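This report describes one protein chain, from a part of its surface to its interior and its backbone. The sequence and the model are shown first.

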Amino acid sequence: MTPTTPALLALADGSVFRGVSIGIDGSTVGEVVFNTAMTGYQEILTDPSYREQIVTLTYPHIGNVGTNDEDAESEKVQLAGLVLREVPRPASSWRSRKGFREYLHDQNVVAIAGIDTRRLTRILRDKGAQNGCILAGPEATEKEALKRARAFPGLKGMDLAKVVSVTEPYAWTRGSWKLETNVEGEHAGGQRHVVVYDFGIKRNILRMLTDRGCRITVVPAQTSAADVLALQPDGVMLSNGPGDPEPCTYAIDATREFLARKTPLFGICLGHQILGIAAGGKTLKMKFGHHGANHPVQDLQSGHVLITSQNHGFAVDEATLPANAVITHRSLFDGSNQGIRLLDAPAFSFQGHPEASPGPHDVGYLFDKFVELIEAHRQ
């Protein structure tokens, strides 16, 4: 691999971008989306919600602080491919353990740099998220890249939660990172037992629950409600994850059982969409989704405007929600739904990422709300 290895990105609409490879030689396909975050590129790469997506980062200085083991939100890079403006420079950070290009190569990521990401982002904003293909290597041709891009079926109807989920339950005991020691806090137990469905869980969700005195059991996406209830949880968390929520019938059915039994529920991102469907609503595919760390959302109860981290391509259709679902949060970018709570069950959810790492942290209070909901139900 050399800095001048050619690569190209082709979109299904016929747009082609030529650049250089900064990952491995090869091919990858997926839905091309743009993320506007200025920090947290390693968290983006390792977020399972990006499975089957090629992500273009609009901020130009990517890779400048290197990579480390602590900032990963899962065990490996999850996105399908990466698109950048500039070839990463040498890393400059006391926390860096590996250079960005070396990291991409070790993680078998197909990635392209040196293209006009402003032009690409404008295409995605105007036309919507596009299916695309990155071809990296001396044999890459536009014809082949376009063929592969147009052959990708798209995320609508694609059930990816069961693909990225763990296969066996496990306990989680680690809390938030302490930068002064560069280690996670360790908690042997907790006052409240929370069972967390792994639909593509981000580690910081687990850390924030642990910080609040919760004992965590993580279960696979297809775990039945009966098996979860047998664990005697005080509350159930529906995690974030990739793909279309509607095919996740196993999760929707389990959620309906928890609602019937009045089990405290908190859904995040895909979990929010699953709760919305279980309550009687429907979801829709967004034009280009929300991907970034600067999205304003209003808490409709307090009136406060919150700056949030977002990563989703589907949304709950408010017009389809039943009367027992109260709208709690709304996007100030496009008016789309960002949160609901149910009047006849101890359940609520949020579309964005209240656990956002590295931030912003405006919506972290929802974890406190979940703990309060559990305590009220226990009493």
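## Surface, core and backbone of a predicted model

Val305 has a relative accessible area of 46% and is therefore partly exposed. The model is a predicted one. Val305 belongs to strand β16, which covers residues 305–317. Together with Ile307 and Leu332, Val305 makes a nonpolar surface patch of about 240 Å².

**Overall form**

The chain holds 10 helices and 19 strands. Its radius of gyration is 20 Å, close to the 21 Å given by the globule rule for 379 residues, so the chain is as compact as a globular protein of that length. Along the principal axes, the C-alpha atoms fill a box of roughly 65 × 50 × 40 Å. Of the 379 residues, 58% count as buried. The accessible surface of the chain is about 15200 Å², and carbon and sulfur atoms account for 49% of that surface. Among contacts between residues at least 6 apart in sequence, 74% join residues at least 24 apart.

**Nonpolar cores**

In soluble globular proteins, nonpolar side chains tend to be buried together. In this chain the largest nonpolar core has 31 residues, and Tyr197 and Phe199 have the most contacts inside it. At least two residues of this core come from each of β11 (192–198), α7 (225–229), β13 (235–238), α8 (249–260), α9 (270–278) and β18 (337–342). Helix α8 supplies the largest share of this core, 6 residues. A second core, separate from this one, has 25 residues, including Val218, Phe266, Ile268 and Phe350.

Helix α9 is mostly covered, with 9 of its 9 residues buried. Among the buried residues of α9 are Leu270, His272, Gln273, Ile274 and Ala278. Just after α9, Gly280 takes a positive phi of about 120 degrees.

**Surroundings of Thr328**

Thr328 is part of strand β17, residues 325–331. Its relative accessibility is 9%, under the 20% limit, so Thr328 counts as buried. Leaving aside residues up to four places away in sequence, Thr328 touches Gln298, Asp299, Leu300, Gln301, Gly339, Ile340, Arg341 and Ser349. Asp253 is 75 residues from Thr328 along the chain, and the C-alpha atoms of the two are separated by 24 Å.

**Backbone details**

Two residues that are not glycines, Asn108 and Lys262, have a positive phi. Asn108 is found in the loop between α2 (100–106) and β6 (111–113), and its relative accessible area of 56% makes it exposed. Lys262 lies in the loop between α8 and β14 (265–268); with a relative accessible area of 37%, Lys262 is partly exposed.

The loop between β19 (347–350) and α10 (365–378) contains Pro358, and Pro360 is found in the loop between β19 and α10 as well. The peptide bond leading into Pro358 from Ser357 is cis, and so is the bond from Gly359 to Pro360. The table lists the backbone angles.

| Residue or peptide bond | Angle |
|---|---|
| Asn108 | phi of about 60 degrees |
| Lys262 | phi of about 60 degrees |
| Gly280 | phi of about 120 degrees |
| Ser357 to Pro358 | omega near 15 degrees |
| Gly359 to Pro360 | omega near 0 degrees |

Key:
Residues numbered from 1 in each chain as written. Predicted model: local features only at pLDDT ≥ 70, side-chain atom pairs only at ≥ 80, totals over all residues. Heavy atoms only, no water. Patch = residues over 30% accessible without salt bridge, like charges linked within 9 Å, V, L, I, M, F, W, Y side chains within 5 Å. Areas by Shrake-Rupley, 256 points an atom, 1.4 Å probe, with all protein chains shown as cover. Salt bridge = Lys/Arg side-chain N within 4 Å of Asp/Glu carboxyl O. Helix = DSSP H or I, 4+ residues; strand = E, 2+ residues; numbered from the N terminus. Buried < 20%, exposed > 50% of the residue type's maximum accessible area, 1.4 Å probe, protein only. Rg over C-alpha atoms; globule rule 2.2 N^0.38 Å. Contact = heavy atoms within 4.5 Å. Core = buried A, V, L, I, M, F, W, Y, C linked by side-chain atoms within 4.5 Å.
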